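Biologist: Please take a close look at the salt bridges in this model. Then work outwards to the contacts between the parts, and give me every cut-off.

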There are 2 protein chains.
Amino acid sequence: MPAQPAKQSKVEDVRTRTLRVATRLLAERGFEGTSLQDVADEVGVRKPSLLHHFPSKDAIRAAVFEQMLQHWNVSLPRILRAATSGEDQFDSVLDELIRFFTDDPDRARLLLREVLDRPREMGALVRSQMRPWIESIAGYIRKGQERGALHPDADPEAYVVHVTTNLIATVATQRLLGALPLDRSVKELVRMARASLFLPLKKESTKKR
Amino acid sequence: MPAQPAKQSKVEDVRTRTLRVATRLLAERGFEGTSLQDVADEVGVRKPSLLHHFPSKDAIRAAVFEQMLQHWNVSLPRILRAATSGEDQFDSVLDELIRFFTDDPDRARLLLREVLDRPREMGALVRSQMRPWIESIAGYIRKGQERGALHPDADPEAYVVHVTTNLIATVATQRLLGALPLDRSVKELVRMARASLFLPLKKESTKKR
DNA sequence: CCTACCGATCGGTAGG
DNA sequence: CCTACCGATCGGTAGG
């Protein structure tokens, strides 16, 4: 039965379990609120064993964050593809964005904590990694404005940032506050995003459909 | 020259200075990321002196938070008055809300951290303290919907929560990310809030003005 | 991946 | 408001 070689016989190795446990604890309690002992206890090893797999506590935080960035880089092509495809560009992009954060709400909490705890580092990361994505979406909005299909006074960059910020904050604080059901919050967020971007249909313009 | 009685001769007493310093540090670094030593150093006293004025570190956090709630309770009547006054109800309420958080961005950061760190306690507080305010504003929105002046498919409670959440998250992360200027972000937030609530003017309805 | 241990710092107390 | 001090826990290392 244990036919696999020893190196991969474990269902899930310590490194993988550490990342999974640390993601949850760092999202819930923050970096300073999470001790290596907490992580070790839930992983099921002794504290020094963690530091065999990661050189320091901060390296665990960095690895957790990078893992999230890798998930984002997997989702990003789908988002940008959605932005160039046919009709439902807007809903497709927003759906992918919603999926990314609702798939694992810890992503939203982790991101929010990083922004609060490490503003300079996150600012640099936004400028280098997120900016191109924001500009890409903002570019499509500008084209829509030139076609007369979108609100001409919308500020494309600020709009994209707001929709994203609102989504992250909503997902991060949702199950925590437990006030409104998440699907109801997200539905209203989508309605607000649409209503504040699309111009109401006039009788003249669109002919097809 | 030192004509004042000794009891109030200090420009600012230790308790007041502690609250001011702790507000900033707790907003910037969070509860677990701030030590009593950090606070004592900036206040300019020894650590045990803080614990003469406050029974514990958690009591300092609670006092800082309650001070913010008191500021909110000062602003709240102005907000609700704005909601019942004449024409510019919407802008007045939103202006007061914007003023509350931009007056001291640490309020937004503190609130966000509390929601992340103490979800259950904050959930209870929202339900007991914020709910009436949310319902009040949502009530005005419902009336507007019945008059046919506002988007009929808007979800009033979810709408109010989203505008507030977005404002808090935007102010909290603003100077930190340093991407868009705050006034530009806030301007777009107001535009989005208006455009997603008010129906575009039709030719028939309004006669006065 | 373990036991054993390190110096530093934590929140908090005693006692004046 | 201070000095002196407490036990507990922190991240991390030695060495096997």
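Modeller: Start in chain B. B:Arg29 and B:Asp38 form a salt bridge, with their closest N and O atoms 3.3 Å apart. The term means a side-chain nitrogen of Lys or Arg within 4 Å of a carboxyl oxygen of Asp or Glu. This is a predicted model, so local features need pLDDT of at least 70 and side-chain atom pairs count only at pLDDT 80 or more, while totals for chains, interfaces and linings use all residues; side-chain values rest on heavy atoms, without hydrogens and water. Residues are numbered from 1 along each chain as its sequence is written, and chains are lettered from A and ligands numbered from 1 in the order in which they are written.

How exposed is this pair? B:Arg29 is partly exposed, at 36% relative accessible area. B:Asp38 is partly exposed too, at 25%. The classes are buried (under 20% relative accessible area), exposed (over 50%) and partly exposed in between, with a 1.4 Å probe and protein chains only.

A second pair in chain B is B:Arg142 with B:Glu157, whose closest N and O atoms are 2.9 Å apart. This one links distant parts of the chain. B:Arg142 sits in helix α7 (residues 119-146) and B:Glu157 in helix α8 (residues 156-177), 15 residues apart. Helices (H or I, at least four residues) and strands (E, at least two) are DSSP runs, numbered from the N terminus. B:Arg142 is partly exposed at 34% relative accessibility. B:Glu157 is buried at 9%.

Chain A holds a network: salt bridges with shared partners join A:Asp58, A:Arg61, A:Glu114 and A:Arg118. Inside it, A:Asp58 meets A:Arg61 at 3.0 Å, N to O. Both residues lie in helix α4 (residues 57-84) of chain A, 3 residues apart, about one turn of the helix. A:Asp58 is partly exposed at 36% relative accessible area. A:Arg61 is buried at 8%. Over all chains, the whole structure has 32 salt bridges.

Now the contact between the protein chains. There are 6 salt bridges between chain B and chain A. One of them pairs B:Asp155 with A:Arg184, with closest N and O atoms 2.5 Å apart. The two chains also share 17 residue pairs in polar contact, both residues at pLDDT 80 or more. A polar contact is a pair of N or O atoms within 3.5 Å; within protein, one must be able to donate a hydrogen and the other to accept it, and residues adjacent in sequence count only if both atoms are side-chain atoms.

On the chain B side, α1 (14-29), α6 (105-117), α7, α8 and α9 (182-195) each supply at least two residues. α8(B) gives the most, with 14 residues. By class, this side has 21 nonpolar, 10 polar and 15 charged residues. Ala, Val, Leu, Ile, Met, Phe, Trp, Tyr, Cys and Pro count as nonpolar, Asp, Glu, Lys and Arg as charged, and the others, Gly among them, as polar.

Chain B and chain A put 46 residues each into the contact, where contact means heavy atoms within 4.5 Å. The size of an interface is often given as the accessible area lost when the parts come together. Here the buried area is about 3800 Å², and carbon and sulfur atoms give 64% of that. Buried area is the accessible area (1.4 Å probe) that two parts lose on being put together, summed over both.

Next, DNA strand C. It has 17 residues around it, and A:Val14, A:Arg46, A:Ser49, B:Lys47 and B:Lys57 come nearest. A residue is near a strand or molecule if one of its heavy atoms lies within 4 Å of it. Three chain B residues reach phosphate oxygens of this strand. A side-chain N or O atom of B:Ser35 is 3.2 Å from one. A polar backbone atom does the job at B:Leu36, at 3.0 Å, and at B:Lys57, at 2.6 Å. α3 (47-53) of chain A and α2 (36-43) and α3 (47-53) of chain B each give two or more residues to this surface.

Last, DNA strand D. A base nitrogen of this strand lies 2.8 Å from a side-chain N or O atom of A:Lys47. A backbone N or O atom of B:Arg46 is 2.7 Å from a phosphate oxygen. α3(B) gives the largest share of the surface near this strand, 4 residues.
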